[in-house]
Amino acid sequence: NQQEVLQSGGKVFFEDVYGVKHEKTIKELQDQIIDEALVKRNYIFGSDKLGRDYFSRLLLGIRVSISVGLISVLISLVLGVTFGALAGYFRGWVDDLVMYIVNVTWSIPTLLLVFAIVLAVGRGFWQIFIAVGLTMWVEVARLVRGQVMSLREKEFIEAGHSLGFHHFRIIFIHILPNIMGPLIVIATANFAAAVLIEAGLSFLGIGVQSPTPSWGTMLKEHKNYITSTDKAFLAIIPGIAIAIMVYTINLLGNGLRDAFDVRSK
C-alpha cells in the first residue's frame, strides 16, 4: 500500500508472472508504463474534436465523393441515354411523352428534388446515389435527344435503313459512338455536380451520416473553428479538397472528350 511504499523509500517490491522478485522505484515504474503501454502517434493534419486522425478521414472522404459521383453518373447515363435516344430517333408520341417527363422533372429545382428523394428513401450512403442520379438524367436526355435528331438524317443512317439494320443497332452502334464527345463532357460535369451536391447534403445533415467520413460532414463539424479558434484549417482543408476534385474532374472530362470524339479524328 501507499504507507509501505513511503516507508521503503519510494520503492516497490513485486513478483512477475514467473515468480521473480523485482525492486523498482515509482519513477521507474511510470517510465516503464509509458514505454510499454502507451502508444504515441503523430497526425499530419492533427486530430478532429473527437481525437480522430484528420488526415485518414480526409482520405476516406475521397472514397465517398468518388463513389457518389461515379454511381450517380452511371444512373443518369443509363436513364438519360435510353430515353433521349428513343425520343430523338422515333420522335412522334415517344418524343412527346419523354419530353413531358423531362420538362416536369426539369421544372423542379435540383436541390429541392434531391431533398424530397432523400427524405422519402431515407438518409444514408446508398440513398445519396439514388437521389443524385435520379435528378441528373434529364440533362443527359435533352443532350442525347438533340444529337440523335441531328444525326438520324445523315447519309450513313439512311444507308443503315436501306440495308435493313434494326433500329436499336442503328442507335447504339452507329449513332451513339458519334455523340461520345458531348456525352463525356456532360457526364464529367454531372460527376462534379454530384460531388458538390453530396458535400452540400452532408453539410446540411441529410447526406452521409457520421461516423462515415465525408468532406461535407467534416465541414459541418468544424465550421465554428473558422472564427472561434486558431484551427480554421480543420474546415478549410475539406473545402480545398472539394475544389481540387471538381477542377480535376473537369480537366479529365475535357481530355476524354478530345480522346474519344470520333468526329475530330
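Trainee: Why is the meeting between the side chains of Asp95 and Arg145 called a salt bridge?

Mentor: Good place to start! Keep in mind that this is a predicted model. The N to O distance between the side chains of Asp95 and Arg145 is 2.6 Å. The name applies when a side-chain nitrogen of Lys or Arg is within 4 Å of a carboxyl oxygen of Asp or Glu. An Arg meets an Asp here at 2.6 Å, so the pair falls within the 4 Å limit and earns the name.

Trainee: How do you know that this pair links distant parts of the chain?

Mentor: Look at where each partner sits. Asp95 belongs to helix H4, while Arg145 belongs to helix H6 (residues 125-151), and they are 50 residues apart.

Trainee: Why is Asp95 called buried?

Mentor: The relative accessibility of Asp95 is 9%. Buried means under 20%, so Asp95 with its 9% counts as buried.

Trainee: And why is Arg145 called partly exposed?

Mentor: Arg145 has a relative accessibility of 22%. Partly exposed covers the range between the 20% limit for buried and the 50% limit for exposed, so the 22% of Arg145 puts it in that class.

Trainee: Which residues does Asp95 touch, not counting those up to four places away in sequence?

Mentor: Asp95 touches Ala87 and its salt-bridge partner, Arg145.

Trainee: How many salt bridges does the structure hold?

Mentor: Two. The other example joins Glu221 and Arg52, whose closest N and O atoms are 3.8 Å apart. The limit is 4 Å, so this pair, at 3.8 Å, also qualifies.

Trainee: What makes Glu221 and Arg52 a link between distant parts of the chain?

Mentor: They are 169 residues apart, with Glu221 in helix H10 and Arg52 in the loop between helix H2 (26-37) and H3. Glu221 has a relative accessible area of 18% and is therefore buried, whereas Arg52 counts as partly exposed at 22%.

Trainee: Let us turn to the helices. How do you know that helix H3 and helix H4 pack together?

Mentor: Their axes are 7 Å apart, at an angle of about 140°. H3 (residues 54-90) passes H4 (residues 92-106) in a left-handed crossing. Phe83, Leu86, Ala87 and Phe90 of H3 make the contact with Gly92, Val94, Asp95 and Val98 of H4.

Trainee: What classes of residue make up this contact of H3 with H4?

Mentor: Six nonpolar, one polar and one charged. Gly counts as polar and Asp as charged, so Gly92 and Asp95 fill those two classes.

Trainee: What is unusual about Arg91, in the loop between H3 and H4?

Mentor: Arg91 has a positive phi of about 55° although it is not a glycine. Most residues other than glycine have a negative phi. Arg91 is also partly exposed, with a relative accessible area of 33%.

Trainee: How do H9 and H10 pack?

Mentor: At an angle of about 35°, with axes 7 Å apart. H9 passes H10 in a right-handed crossing. On the H9 side, Ala199, Ser202 and Phe203 meet Gly216, Thr217, Leu219 and Lys220 in H10. This contact divides into three nonpolar, three polar and one charged residues.

Trainee: Which residues have the most contacts inside the largest nonpolar core?

Mentor: Leu58, Trp215, Ile242 and Ile249, in a core of 19 residues. The elements giving two or more residues to this core are H3, helix H9 (180-204), helix H10 (215-222) and helix H12 (233-260). H12 provides the largest share, eight residues. Another core lies apart from this one and has 16 residues, including Val114, Phe129, Val132 and Leu201.

Trainee: What does Trp215 touch, not counting residues up to four places away in sequence?

Mentor: Leu58, Gly61, Ile62, Ser65, Pro238, Ala241, Ile242 and Met245. Leu58 and Ile242 are also among the core residues with the most contacts.

Trainee: Finally, how many helices and strands does the protein chain have?

Mentor: Twelve helices and two strands. Buried residues make up 37% of the 265 residues. Among contacts between residues at least 6 apart in sequence, 67% join residues at least 24 apart.

How values were computed: Residues numbered from 1 in each chain as written. Predicted model: local features only at pLDDT ≥ 70, side-chain atom pairs only at ≥ 80, totals over all residues. Heavy atoms only, no water. Axes fitted to C-alpha atoms, helices over the stretch in contact; angles between N-to-C directions. Helix = DSSP H or I, 4+ residues; strand = E, 2+ residues; numbered from the N terminus. Left-handed = near helix turned anticlockwise from the far one by under 90°. Contact = heavy atoms within 4.5 Å. Core = buried A, V, L, I, M, F, W, Y, C linked by side-chain atoms within 4.5 Å. Buried < 20%, exposed > 50% of the residue type's maximum accessible area, 1.4 Å probe, protein only.
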